[in-house]
Amino acid sequence: MSLFTHILACLLGMGSWVSINGLWVELPLLVPQIPEGWYLPSYLSVLIQMANVGPLFVTLMHRFQPGKLNETAVIYFIIGLGTAASLLLALFWKETTVVAGAPRSVALLVLTFFLSTVDCTSSVTFLPFMMRLKPQYLTTYYIGEGLSGLLPALVALVQGVGVVDCVNVTAAAWAPNQTAAAAATELEARYQPANFSPEVFFYFLSAMMLVCLVAFLLLNHHPAVAREHRNGDYTNGVKATHGRSQASEKGAVRTDPFRVVNPEPRSGFGTGAYSTREVLYIFGILAWVNALTNVVVPSVQSYSCLPYGNKAYHLSATMAAVANPLACFIAVFIPIRSLLSMGVLTCLGTGVAAYIVSMAALSPCPLLVHDTSGVVLIVCAWIVFVLTLSYVKVIIGVILRDEGHSALVWCGAVVQLGSLLGAVTMFPLVSVYSLFSSGDPCNSKCP
């Protein structure tokens, strides 16, 4: 395998979601300076789901006009659009326009929609494009996709986003039957100024998209990459030799180290290696895992962590961002393809997700809120949650890659469908009915 090609595949993956991930981590610096305030996250959730028009169009074209859509041209277009939108965001994110008698961040919202369209459409274009390379490079692509969340988080950490100091302030406390106010001291959370502005951060995002564009250009035209294109029959990650191919034509059954491939197709999906029930099982898990990891659990992260303190919140967010590419890296060396193991890992990750959501529901007084063990448990829960379900997503991607180009297109479509269902479920619970209460990192009122 070519290290150069691995690096390019990783850089392509990094450009898949770096813009939206970066926008989310920058929110603490954006909301104090725009008229929408903390309503912005709910607006972003709606815009991201509206952007699913991009992957819907690509999926329908593959379904009803197969071969008509130029996949390479679409990728060039969306990466270029993402680069331009990130650059314009750095220039105009603070600009407001009066709409219905009130100032609105129209430029920010419109550019966010374009960035969301780019990132959502990457799910149904980048993965199928990786079919042109040998199977081993798909896992490297997933590592890059994991880094698309880690790198913005690390840059935001250097920037000082969300750093809070607890400052003693004096408040007036009126006692019964007293005419004078008694001075009471309490702690107040104050955000520290950032080390550099949001404009610089958005320039960083546009540079990352430009790097992704260069990587894609080299993946298409560099001679070293051309030697890494598929030049034989790859089934389940194992290249068939010439002798085995001849034996297969004579009726012999080929096998791989992970599972036995039946000589007769078990379904009309892909190579027919999986039955219809197994295909539905795989896609069901894929939708469920992406609903949890992309929307459901991240939407309650602050509620689950802040009651334990600001340090617990930042530690869980950082370690979760590290766990994503780490899971992809583990999949390089331990590529489990067992559907039973996939189900067990999904159940484990779902159980941990249930614990995180439960702690968020109990906010501002979750279990062990005054104990160090509570901090350890919530941080470990986030690490295990992201590690297990990210691993499941990679393995499903590798399995579907072996089933052909259309399987990866449907893989991306189901990823977006799962995220959409998660958003439809969580948005009213968090933003409309306000079922979750925020914890104060400086003042705990729990008994």
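1. A residue counts as exposed when its relative accessible area is over 50%, and as buried when that area is under 20%; values in between are called partly exposed. These terms are used in several points below, and the structure they are applied to is a predicted model.

2. Ala-100 shows the first term in use: its relative accessible area is 83%, so Ala-100 is exposed. Ala-100 sits in the loop that runs between strand β1 (97-99) and strand β2 (102-104). Its backbone deserves a look as well, since phi is near 55°, a positive value in a residue that is not glycine.

3. Leu-368 also has a positive phi, of about 55°, without being a glycine. This residue belongs to the loop between α15 and α16. Its relative accessibility is 40%, and Leu-368 therefore counts as partly exposed.

4. Which residues does the cis peptide bond join? The bond lies between Ser-363 and Pro-364, with omega at about 10°. Pro-364 is found in the loop between α15 (339-362) and α16 (372-402).

5. On the cysteines, the count of disulfides is zero. Why does Cys-10 have no such bond? The closest cysteine sulfur to that of Cys-10 belongs to Cys-328 and is 9.4 Å away, which is too far for a bond; a disulfide needs the two sulfur atoms within 2.5 Å. Cys-10 is buried, with a relative accessible area of 13%. Cys-212 is buried too, and its relative accessible area is 0%.

6. A nonpolar patch of about 620 Å² lies on the surface. It is made by Leu-326, Phe-329, Ile-330, Val-332, Phe-333, Ile-334 and Ile-336. One of these residues, Leu-326, is part of helix α14, which covers residues 310-333. Leu-326 has a relative accessibility of 41% and so counts as partly exposed.

7. A last point concerns confidence. For the protein, the mean pLDDT is 82, and 85% of the residues reach 70 or more. Residues 232-261, however, have a pLDDT below 50. In the model this stretch has 37 contacts beyond near neighbours in sequence. The reader should keep in mind that those contacts are made by a stretch whose pLDDT is below 50.

Methods: Residues numbered from 1 in each chain as written. Predicted model: local features only at pLDDT ≥ 70, side-chain atom pairs only at ≥ 80, totals over all residues. Heavy atoms only, no water. Buried < 20%, exposed > 50% of the residue type's maximum accessible area, 1.4 Å probe, protein only. Patch = residues over 30% accessible without salt bridge, like charges linked within 9 Å, V, L, I, M, F, W, Y side chains within 5 Å. Areas by Shrake-Rupley, 256 points an atom, 1.4 Å probe, with all protein chains shown as cover. Salt bridge = Lys/Arg side-chain N within 4 Å of Asp/Glu carboxyl O. Helix = DSSP H or I, 4+ residues; strand = E, 2+ residues; numbered from the N terminus. pLDDT = per-residue confidence, 0-100. Contact = heavy atoms within 4.5 Å.
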